[in-house]
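User: Please take a close look at one local part of this structure, and then set it beside the packing found elsewhere in the chain. A connected, formal account would suit me best.

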Amino acid sequence: MSELLQLLKDAYVRKASDVHFRSNERTWIRIDGQLTPASPQVYSTQMLNEMFMPVIPDIKKEYFDQGREIDFAWELEGVARFRINIYKDINGLGGCFRILPSEIKNANDLNLEAAILELCTRTKGLILVTGPTGSGKTTTLSALIDYINLLRTDHIITIEDPIEFVHKEKNCLINQRETGAHTKGFSEALRAALREDPDVVMVGEMRDLETTATALEVAETGHLVLSTLHTNNASDTVYRVINQFPKKKQDQIRVSLASSLIGVISQVLIPKASGEGRIAVREIMIMNHAISNLIRENKIYQIN
């Protein structure tokens with residue numbers, strides 16, 4: 001356990017985003033998007049098992065013992081939170097530790113554009129933050145929640161898998177729920193949220209049809225909903241949402257999306273000119289009458 005803590009502290013000091021452990025192999029870390037060996041030390045499956053077990057929540061150990069990979073969040077006090085995936089592979093045991101800074105980056109830290117912040121003043125509708133894996137979607141989403149927390153006096157509910165950034169109440173009441181630990185799944189928690197007097201609902205990811213349909217319903221019933229998707233731009237995002245549904249329902253979903261979607265923020269991370277660190281480059285689509293009509297009439301290819 002002490003060896004694990006030291007490795008994670010060293011990775012944090014080196015400003016790594018991820019730490020990769022594998023049985024009988026070196027430990028690697030990712031810095032500014034590039035993987036590099038962290039240590040020549042090689043760990044056996046037994047050693048990794050002894051390192052990981054103290055941090056795995058009891059509720060997850062049963063799933064892991066059944067041969068399933070597990071996701072959870074864990075905090076190293078005074079250093080950072082970690083989003084952790086433990087799995088088994090051909091070598092034995094593996095783990096990926098994503099480093100989440102304890103301090104939430106705010107809108108100023110991320111240089112969020114005024115157009116994005118204006119979306120946070122809306123009282124209803126759907127805001128989607130999109131991009132490939134590792135593009136900073138969760139960080140941006142967290143900054144938006146933090147901005148709403150300062151700007152408004154509302155009830156915010158977050159539904160995540162797992163909880164990555166812990167928000168403290170500023171001007172808003174905040175309830176953070178984790179799938180598996182606090183609720184069965186995204187769609188169940190979304191339905192329950194409608195009975196919990198929310199103003200703003202954040203869904204970690206619209207990963208299946210049921211969650212997407214429920215998120216649209218919540219947005220249409222007068223709530224502000226924020227979520228993420230793994231898409232590269234605004235038009236791809238619209239296609240992805242619609243194509244999750246059977247063809248016979250797509251006309252209805254287009255009408256629903258045209259009325260509830262208020263903005264899409266697509267981003268990627270690129271190296272800074274200084275060579276140190278990365279910065280987000282964003283495409284921002286703000287919904288207007290023209291785009292609503294294109295979605296409703298199935299002319300999504302004209303959005304760009």
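Analyst: The part to begin with is the loop that joins helix 1 to strand 1 (18-22), where Lys-15 is located. The model is a predicted one. Although Lys-15 is not a glycine, its phi is positive, at about 60°. Its relative accessible area is 69%, and because exposure is assigned over 50%, Lys-15 counts as exposed.

Just before this loop, helix 1 (residues 2-13) contains Ala-11. In contrast to the exposed Lys-15, Ala-11 has a relative accessibility of 2% and is therefore classed as buried, the limit being under 20%. If residues up to four places away in sequence are set aside, Ala-11 touches Ala-16, Val-19, Ile-29 and Ile-99.

A second backbone feature of this kind occurs after strand 1, in the loop that leads to strand 2 (26-31), which is where Asn-24 is placed. Asn-24 is not a glycine either, and its phi is positive, at about 60°. With a relative accessibility of 46%, Asn-24 is partly exposed. A further backbone feature concerns a peptide bond: the one from Asp-161 to Pro-162 is cis, with omega near -5°. Pro-162 belongs to the loop between strand 8 (155-160) and strand 9 (173-178).

Ala-11 also offers a link to a remote part of the chain. Met-285 follows 274 residues further along, and the C-alpha atoms of Ala-11 and Met-285 are 36 Å apart. Met-285 is one of the residues with the most contacts inside the largest nonpolar core, which has 34 members; the others so ranked are Leu-126, Val-238, Leu-257, Leu-261, Ile-295 and Ile-303. Ile-303 illustrates how this core is joined: beyond its neighbours within four places in sequence, Ile-303 contacts Ser-235, Val-238, Met-285, Ile-291, Leu-294 and Ile-295. Another core, of 27 residues, lies apart from the largest one and includes Leu-48, Ile-56, Ile-70 and Phe-72.

Some of these core residues reappear where helices pack. Helix 8 (residues 234-243) meets helix 9 (residues 247-260) at an angle of about 135°, and their axes are 9 Å apart. Helix 8 is therefore oblique to helix 9. The crossing of these two helices is right-handed. On the side of helix 8 the contact involves Val-238, Val-241, Ile-242 and Asn-243, while helix 9 contributes Gln-250, Ile-253, Arg-254 and Leu-257. By class, this contact of helix 8 with helix 9 comprises five nonpolar residues, two polar ones and one charged one.

Helix 9 packs against helix 10 (residues 289-296) as well, here at an angle of about 170° with the axes 8 Å apart. Because angles over 145 degrees fall in that class, helix 9 and helix 10 are roughly antiparallel. Arg-254, Val-255, Leu-257 and Ala-258 of helix 9 meet Ser-292, Ile-295 and Arg-296 of helix 10. The residues of this contact of helix 9 with helix 10 divide into four nonpolar, one polar and two charged.

Taken together, Leu-257 takes part in the contact with helix 8 and in that with helix 10, and Leu-257 is also listed among the residues with the most contacts inside the largest core. Arg-254 likewise appears in the contact with helix 8 and in the one with helix 10.

Technical notes. Residues are numbered from 1 along each chain as its sequence is written. This is a predicted model: local features need pLDDT of at least 70, side-chain atom pairs count only at pLDDT 80 or more; totals for chains, interfaces and linings use all residues. Side-chain values use heavy atoms; hydrogens and water are left out. Axes are lines fitted to C-alpha atoms, for helices over the stretch in contact, and angles run from 0 to 180 degrees between N-to-C directions. Helices (H or I, at least four residues) and strands (E, at least two) are DSSP runs, numbered from the N terminus. Angles under 35 degrees count as roughly parallel, over 145 as roughly antiparallel, 65 to 115 as roughly perpendicular and the rest as oblique. A crossing is left-handed if the near helix is turned anticlockwise from the far one by less than a right angle, and right-handed if clockwise. Contact means heavy atoms within 4.5 Å. Ala, Val, Leu, Ile, Met, Phe, Trp, Tyr, Cys and Pro count as nonpolar, Asp, Glu, Lys and Arg as charged, and the others, Gly among them, as polar. A nonpolar core is a set of buried Ala, Val, Leu, Ile, Met, Phe, Trp, Tyr and Cys residues joined through side-chain atoms within 4.5 Å. Buried means under 20% relative accessible area, exposed over 50%, partly exposed in between (1.4 Å probe, protein chains only).
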